[in-house]
Amino acid sequence: MSKNINIHNTAVVGKKSKIGLGTKIWHFCHIMDKSIIGKNCSIGQNVFIGKNVKIGHHVKIQNNVSLYDGIVCEDYVFIGPSAVFTNVINPRSKVNRKKEFKKTLIKIGSTIGANSTIICGLKLGKYSFVGAGSVVTKDIKDFEVVAGNPAKHLYWISKSGFKLNFNKNNIAVCNISKEKYFLKNDKVSII
């Protein structure tokens, strides 16, 4: 490992894992072989990253999160403490279902709140936001904010994390970035 990667001495890191420069791996983490972690990531205390998990650049994973085979996080994803992910729809102790692992895709800039549960096989859209304690059972659209059990649509959000208020022409402007957004057919895009 490079001097530009900070790995706490209690962490267990597989020799065949790939870890990008500037990444920090904190206490009691377990990073399996064949996992990929991008540059400038922060992997909090007691995080497990399974084999074949792919994590982009600038991702922040808070304490007590387990990411299993089949999970892909794109760049700038934030995963809050104790968020839960699954990778099999119908697990049974007596039945080996390793060939049934489902892919979960967390798109660029998404945020997953603390103690949320993400059922496997879903796509969380670009810059989407999952409220703390939510149970996500279906795909989330780009820029969508969801919360609850099961998680339901609340409103739309900008890349900067601010609620979008659409005018009569279905256009909204982010208060911070001044980027313009357009709402059509229940989908948001940047103009």
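This is a short dialogue on how to read some features of one predicted protein model.

Me: What should I know about the model before I begin?
Reply: It is a predicted model, in which local features need pLDDT of at least 70 and side-chain atom pairs count only at pLDDT 80 or more, while totals for chains, interfaces and linings use all residues. Residues are numbered from 1 along each chain as its sequence is written, and side-chain values use heavy atoms, with hydrogens and water left out.

Me: How many helices and strands are there in the protein chain?
Reply: Helices (H or I, at least four residues) and strands (E, at least two) are DSSP runs, numbered from the N terminus. Here the protein chain has 0 helices and 25 strands.

Me: What does the radius of gyration say about the protein chain?
Reply: The radius of gyration is taken over C-alpha atoms, and the globule rule to set beside it is 2.2 Å times the number of residues to the power 0.38. For this protein chain the radius of gyration is 17 Å, close to the 16 Å that the rule gives for 191 residues, so the chain is as compact as a globular protein of that length. Along its principal axes, the C-alpha trace spans about 55 × 45 × 25 Å.

Me: How do I read the word "buried", and what share of the residues is buried?
Reply: Buried means under 20% relative accessible area, exposed means over 50%, and partly exposed lies in between (1.4 Å probe, protein chains only). In this protein chain, buried residues make up 39% of the 191 residues.

Me: How many salt bridges does the structure hold?
Reply: A salt bridge is a side-chain nitrogen of Lys or Arg within 4 Å of a carboxyl oxygen of Asp or Glu. The structure holds 4 of them, and one of these joins the side chains of Glu74 and Lys107 at 3.4 Å, N to O. Glu74 lies in the loop between β12 (71-73) and β13 (78-79), and Lys107 in the loop between β15 (104-106) and β16 (111-112), so the pair ties together parts that are 33 residues apart in sequence. Glu74 is partly exposed, with a relative accessible area of 25%.

Me: Which residue does Asp186 meet in a salt bridge?
Reply: The side chain of Asp186 meets that of Lys141 (2.6 Å, N to O). This pair links distant parts of the chain, with Asp186 in the loop between β24 (180-184) and β25 (187-190) and Lys141 in the loop between β20 (135-136) and β21 (144-147), 45 residues apart. Asp186 is partly exposed at 44% relative accessible area, and Lys141 is partly exposed at 33%.

Me: Which residue forms a salt bridge with Glu179?
Reply: That residue is Lys159, and the closest N and O atoms of the pair are 3.9 Å apart. Here too distant parts of the chain are linked, since Glu179 is in the loop between β23 (171-173) and β24, and Lys159 in the loop between β22 (152-156) and β23, 20 residues apart. Glu179 is partly exposed, with a relative accessible area of 23%, and Lys159 is partly exposed, with 36%.

Me: Which residues form the positive surface patch?
Reply: Patches are made of residues with over 30% relative accessible area and no salt bridge, where like charges are joined within 9 Å and nonpolar side chains (Val, Leu, Ile, Met, Phe, Trp, Tyr) within 5 Å. Lys and Arg count as positive and Asp and Glu as negative, while His and the chain ends are not counted. The positive patch here is formed by Lys16, Lys34, Lys51 and Lys98. Lys51 sits in the loop between β8 (48-49) and β9 (54-55), and this residue is partly exposed, with a relative accessible area of 43%.

Me: How should I read the backbone angles phi and omega?
Reply: Most residues other than glycine have a negative phi, and most peptide bonds are trans. In this model, a cis peptide bond joins Asn149 and Pro150, with omega about -5°, and Pro150 is in the loop between β21 and β22. Ser82 has a positive phi, near 60°, and lies in the loop between β13 and β14 (84-85). Tyr127 also has a positive phi, near 55°, and its place is the loop between β18 (123-124) and β19 (129-130).

Me: Is Tyr127 buried or exposed?
Reply: Tyr127 is buried, with a relative accessible area of 18%, whereas Ser82 is partly exposed, with 25%.

Methods:
Accessible areas come from the Shrake-Rupley method with a 1.4 Å probe; for residues, only the protein chains shown count as cover. The place of a charge is taken as NZ of Lys, CZ of Arg, CG of Asp or CD of Glu.
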